[in-house]
Amino acid sequence: MPGISFGCVALDCPDPWRLAQFYGDLLGWRIDEEDSPGDDWVSLLNPDGGADICFQRDPDYRPSTWPSNERPQMLHLDFDVPDIDAEHDRVLGLGARLLDDSPETFRVYADPDGHPFCLVRAE
């Protein structure tokens with residue numbers, strides 16, 4: 001077994017605190033108590049002990065234009081949900097924007113800073 005472990009996924013964004021709050025509300029996770037508004041790095045702690053989601057300030061951040069490749073996505077996050085329809089209005093209320101609802105087993109959204117993410121029907 002190698003001496004390496006997966007610690008976090010970091011997303012570039014203009015306001016790490018604001019985006020951490022969005023994903024914290026989405027997932028029910030909490031922001032690291034050592035972090036505060038205005039920080040250049042904010043960590044959203046995985047309560048199950050797995051990888052965290054972190055947010056890094058990038059004043060020059062430009063969101064993906066997915067599905068256009070003008071500024072392609074670099075990665076996206078998938079979240080398993082038992083009922084996509086039940087979560088749809090909630091994620092929109094938190095500030096997400098629907099990008100594609102044509103697939104039957106998942107929907108593609110953009111977070112408030114334009115990072116694509118999917119709600120995937122848990123099987």
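Four strands line up in an open sheet in the order 1-4-3-2, with mixed pairing. The strands at its edges are strand 1 and strand 2 (30-31), and each of them pairs on one side only. Keep in mind that this is a predicted model.

**The first sheet**

Inside this sheet, strand 3 and strand 4 run antiparallel to each other and share four bridges. One contact to look up is Trp-41, whose bridge partner in strand 4 is Gln-56. Helix 1 packs on the sheet and touches strand 1, strand 2, strand 3 and strand 4. The direction of helix 1 makes about 160° with that of strand 4.

Gly-28 sits in the loop between helix 1 and strand 2. With 62% relative accessibility, Gly-28 counts as exposed. Its C-alpha atom is 21 Å from that of Glu-123, a residue 95 places away along the chain.

**The second sheet**

There is another open sheet of four strands, in the order 5-8-7-6, and its pairing is mixed too. Strand 5 and strand 6 (97-100) are at the edges with a single partner strand each, so one side of each has no neighbour in the sheet. On average, neighbouring strands here are turned by 35° against each other, direction ignored.

Strand 8 pairs with strand 5 in the parallel sense over five bridges, and with strand 7 (residues 106-110) in the antiparallel sense, also over five bridges. In the first of these pairings, Leu-77 stands opposite Phe-117; in the second, Phe-106 has Val-120 as its bridge partner. Helix 2 packs on this sheet, touching strand 5, strand 6, strand 7 and strand 8, and its direction makes about 5° with that of strand 7. Helix 1 turns up here as well: it lies across strand 5 and strand 8, at about 25° to strand 5.

Which side chains of strand 5 are buried, and which are not? Leu-77, Phe-79 and Val-81 point to one face and are buried, whereas Asp-78 and Asp-80 point to the other face and are not. That fits a general pattern: in a regular strand, side chains alternate between the two faces of the sheet.

**The core**

Nonpolar side chains tend to be buried together in soluble globular proteins. In this model the largest nonpolar core has 23 residues, and those with the most contacts inside it are Tyr-23, Leu-44, Phe-55, Leu-77, Phe-79, Phe-117 and Leu-119. Several elements give two or more residues to this core, among them strand 1 (8-13), strand 3 (41-45), strand 4 (52-57), strand 5 (77-81), helix 2 (84-94) and strand 8 (116-121). Helix 1 provides the largest share, six residues.

Leu-44 is a good residue to click on. Leaving out residues up to four places away in sequence, Leu-44 touches Ala-20, Tyr-23, Gly-24, Trp-29, Arg-30, Ile-31, Asp-52, Ile-53 and Phe-55.

There are aromatic rings to look at too, with seven aromatic pairs in the whole structure. Tyr-109 and Phe-117 make a stacked pair, 5.6 Å centre to centre and with 20° between the planes. Both of these residues are buried. They also belong to one aromatic cluster together with Phe-22, Tyr-23, Phe-55 and Phe-79.

**The cysteines**

How many disulfides does the model have? The count is zero. The sulfur of Cys-54 comes within 3.7 Å of its closest cysteine sulfur, in Cys-8, but that is too far for a bond, because a disulfide needs the two sulfur atoms within 2.5 Å. Cys-118 is in no disulfide either, and the nearest cysteine sulfur, in Cys-13, is 19 Å away.

Here is how accessible three of the cysteines are:

| Residue | Relative accessible area | Class |
|---|---|---|
| Cys-8 | 29% | partly exposed |
| Cys-54 | 3% | buried |
| Cys-118 | 7% | buried |

Cys-8 lies in strand 1. Not counting residues up to four places away in sequence, Cys-8 touches Trp-41, Ala-51, Asp-52 and Cys-54. The C-alpha atoms of Cys-8 and Ile-53 are separated by 5.4 Å, although the two residues are 45 apart along the chain.

Notes:
Residues numbered from 1 in each chain as written. Predicted model: local features only at pLDDT ≥ 70, side-chain atom pairs only at ≥ 80, totals over all residues. Heavy atoms only, no water. Core = buried A, V, L, I, M, F, W, Y, C linked by side-chain atoms within 4.5 Å. Buried < 20%, exposed > 50% of the residue type's maximum accessible area, 1.4 Å probe, protein only. Contact = heavy atoms within 4.5 Å. Phe/Tyr/Trp six-rings, centres within 6.5 Å; stacked < 30°, edge-to-face > 60°. Pairing = 2+ DSSP bridges. Axes fitted to C-alpha atoms, helices over the stretch in contact; angles between N-to-C directions.
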